[in-house]
Amino acid sequence: MTTAVPATFPAMDVAGRLPRLRERMGEAGCEALLVTTLANVRYLTGFTGSAALLLVLADGLVLSTDGRYQFQSAEQLAGAGVEAHIAIGKVPAQREALAEAAGAVAKLGLEAANVSWARQRTFASDWFPSAELVPTEGLVEGLRRVKDEGEVARMAAAAGIADAALAAVKPTLAGGITEADLALALDTEMRRLGASGCSFETIVASGPNGAKPHARPSGRRIGQGELVVVDFGAIVDGYCSDMTRTVSVGQPRSATLARMVEVVAESQQAGVDAVRAGQSAAEVDRVCRDIIAAAGWADAFLHSTGHGVGLDIHEAPTVSATSDDTLVAGYVVTVEPGVYLPEHGGVRIEDTVVVTEDGCRPLTLAPKELVVA
Ligand code: ZN
Ligand code: ZN
């Protein structure tokens, strides 16, 4: 098996993230934070299990999980250089360990976007009755915006796998393959090349289906001269890639289709060119949107221009008209304008780029040529 994944990646400074989180906790007015979002637990400890709670104290760290992860949790935290007390057991035992560790905490932060109302009530009445629970938002997610070298290397590898997978399956397009079979071929190829999975359910939308930005692959056969929107990504060591290409088997069958591709390509390139540290995310969106509006298709650009990518396929910041985010070097964002016309089809072109001081570096490098054999 040929894998496109390097044998080693630059190390991630996982333990170095905690002091920065503690600063943010202080600013948010909490002495301790109960991290319930699994991607955040992973980011802070290296633990990849499917169930865990992480209590971040001013001077300590407690990870609780169940027996399935007894050995894995110890291994992964040691591997990441993170020191923590690990509490293993069923829910009551975990509650006891966390409650005891948080016994002296007066203000305990919860991740408001992740804790359900029911769970918050349980935490308040049964788990931490003596603490004031403070709703917090984006404390860990704020740190996750800026990727370090190790994270970017993983995302670049994921993007490289997606590039190679697309190149490998492209020749099958001309044979009248179905959307679902093309999606399966892409997914299989990404796994073969070393991805642990897909970043999200692969989108292959041909002809009229392309007008639905998130169409599911169907049994529809891809025909000559139709546009096909292919949006997909790979996961490497937890990190996602995200890329869309629009292709046509032979020349597009109408002048409108050809024009749609031209306009979106121009919009997308202008958006990528607008990305740099210090730029407002809303401005990147405006640059893309203006070009599409000038072509008369303002209402056919049905979504925002982009989003952050990392451990989650969609994460902060947002690249939209209403975003108040300013781009910072090390952010990884997508630029993915599109035009969707029900009577014709759809076009979307998407790159994932790393923001740099004076511009950006694309991670998704697959050629953007429209016509496949
Ligand atoms: Zn995408
Ligand atoms: Zn995207």
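## Two buried acidic residues

Aspartate 242 and glutamate 350 are both buried in this predicted model. The relative accessible area of aspartate 242 is 3%, and that of glutamate 350 is 0%. Both values count as buried because the cut-off is under 20% relative accessible area.

## The zinc ion (ligand 2)

Four protein donors lie 2.1 Å from the zinc ion (ligand 2): Asp242 (OD), His307 (NE2), Glu336 (OE) and Glu350 (OE). Along the chain, these donors follow the spacing D-x64-H-x28-E-x13-E.

Aspartate 242 and glutamate 350 come from distant parts of the chain, 108 residues apart. Aspartate 242 sits in the loop between strand 11 (239–240) and strand 12 (243–249). Glutamate 350 sits in the loop between strand 17 (345–348) and strand 18 (351–356).

The four donor atoms of the zinc ion (ligand 2) make angles of 78 to 150°. A site with four donors counts as tetrahedral if all angles lie between 85 and 135 degrees. The site of the zinc ion (ligand 2) is classed as irregular.

## The zinc ion (ligand 1)

The zinc ion (ligand 1) has its protein donors at 2.0 to 2.7 Å. Asp231 (OD) is listed twice among them, along with Asp242 (OD) and Glu350 (OE). The sequence spacing of the donor residues is D-x10-D-x107-E.

Angles among the four donor atoms of the zinc ion (ligand 1) run from 53 to 151°, and this site is irregular.

## The link between the two ions

The zinc ion (ligand 1) and the zinc ion (ligand 2) are 3.1 Å apart. Aspartate 242 bridges them, coordinating both ions. Glutamate 350 is listed among the donors of the zinc ion (ligand 2) and also among those of the zinc ion (ligand 1).

## The chain as a whole

The protein chain holds ten helices and 20 strands. Of its 373 residues, 54% count as buried. Among contacts between residues at least 6 apart in sequence, 68% join residues at least 24 apart.

The radius of gyration of the protein chain is 23 Å, which agrees with the value near 21 Å for a compact globule of 373 residues. Taken along the principal axes, the C-alpha atoms fill a box of roughly 70 × 45 × 40 Å. The accessible surface of the protein chain is about 15600 Å², and carbon and sulfur atoms account for 53% of that surface.

Definitions and conventions:
Residues are numbered from 1 along each chain as its sequence is written. Chains are lettered from A and ligands numbered from 1 in the order in which they are written. This is a predicted model: local features need pLDDT of at least 70, side-chain atom pairs count only at pLDDT 80 or more; totals for chains, interfaces and linings use all residues. Side-chain values use heavy atoms; hydrogens and water are left out. Donors are N, O and S atoms within 2.8 Å of the metal (3.2 Å for Na, K and Ca); water is not among the atoms, so sites may look incomplete. Four donors count as tetrahedral if all angles lie between 85 and 135 degrees; four count as square planar and six as octahedral if opposite donors are over 155 degrees apart and all others between 65 and 115; anything else is irregular. Helices (H or I, at least four residues) and strands (E, at least two) are DSSP runs, numbered from the N terminus. Buried means under 20% relative accessible area, exposed over 50%, partly exposed in between (1.4 Å probe, protein chains only). The radius of gyration is taken over C-alpha atoms; the globule rule is 2.2 Å times the number of residues to the power 0.38. Contact means heavy atoms within 4.5 Å. Accessible areas come from the Shrake-Rupley method with a 1.4 Å probe; for residues, only the protein chains shown count as cover.
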